[in-house]
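Open the model in your viewer and keep the selection panel at hand. We will go through the charged pairs, then turn to the core.

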Amino acid sequence: MIELLFVSCLSADPASCQNRSLVFIETNLMACMVHGQQVMARWIDSHPKETVREWECRMVDRRKAEI
């Protein structure tokens, strides 16, 4: 599993931020890095009051994943 981890902040209050993540089951780390910008663009379109400050792709440690 691959996690697209990102920080989103309210546009009206840039200090109000939170960590978010999207998990992909059938992809790999390289695909996440290549397509991550597109995924972030769609997320921003659906959350117009927020901005994305940073993002990264990483492997999910299945032993620590929430069920």
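Buried here means under 20% relative accessible area, exposed means over 50%, and partly exposed lies in between. Keep in mind that this is a predicted model.

**Stop 1: Glu50 and Arg20**

Select Glu50. Its relative accessible area is 13%, so by the under-20% cut-off Glu50 is buried. Now add Arg20. The two side chains form a salt bridge, at 3.3 Å from N to O. Glu50 sits in strand E3 and Arg20 in strand E2 (residues 17-24), so this pair ties together parts 30 residues apart in sequence. Arg20 is partly exposed, with a relative accessible area of 23%.

**Stop 2: Arg58 and Glu3**

How many salt bridges does the structure hold? There are three. For another one, select Arg58 and Glu3. Their side chains meet at 2.7 Å, N to O. Arg58 belongs to strand E3 (residues 50-59) and Glu3 to strand E1 (residues 2-10), so the bridge links parts that are 55 residues apart in sequence. Is Glu3 buried or exposed? Glu3 is buried, at 12% relative accessible area. Arg58 is partly exposed, at 36%.

**Stop 3: Arg53 and Glu54**

Move to Arg53 and Glu54. They form a salt bridge, and the closest N and O atoms are 3.9 Å apart. The cut-off for a salt bridge is 4 Å, so this pair counts. Color by accessibility if you can. Arg53 is exposed, at 53% relative accessible area. Glu54 is partly exposed, at 46%.

**Stop 4: the nonpolar core**

Hide the charged pairs. Select Ile2, Leu4, Phe6, Cys32, Val39, Met40, Trp43 and Cys57. These eight residues make up the largest nonpolar core. Strand E1 and helix H1 (29-46) each supply at least two of its residues. Which element gives the largest share? Helix H1 does, with four residues. In soluble globular proteins, nonpolar side chains tend to be buried together.

**Stop 5: around Leu4**

Stay in the core and center on Leu4. Leaving aside residues up to four places away in sequence, Leu4 touches a set of residues that includes Cys32, Val39, Met40 and Cys57. Those four also belong to the core. Show the other contacts of Leu4 next. Among them are Ser21, Leu22, Phe24, Gly36, Trp55 and Glu56. Arg20 is another contact of Leu4, and that brings you back to the partner of Glu50 from the opening stop.

Technical notes:
Residues numbered from 1 in each chain as written. Predicted model: local features only at pLDDT ≥ 70, side-chain atom pairs only at ≥ 80, totals over all residues. Heavy atoms only, no water. Buried < 20%, exposed > 50% of the residue type's maximum accessible area, 1.4 Å probe, protein only. Core = buried A, V, L, I, M, F, W, Y, C linked by side-chain atoms within 4.5 Å. Contact = heavy atoms within 4.5 Å.
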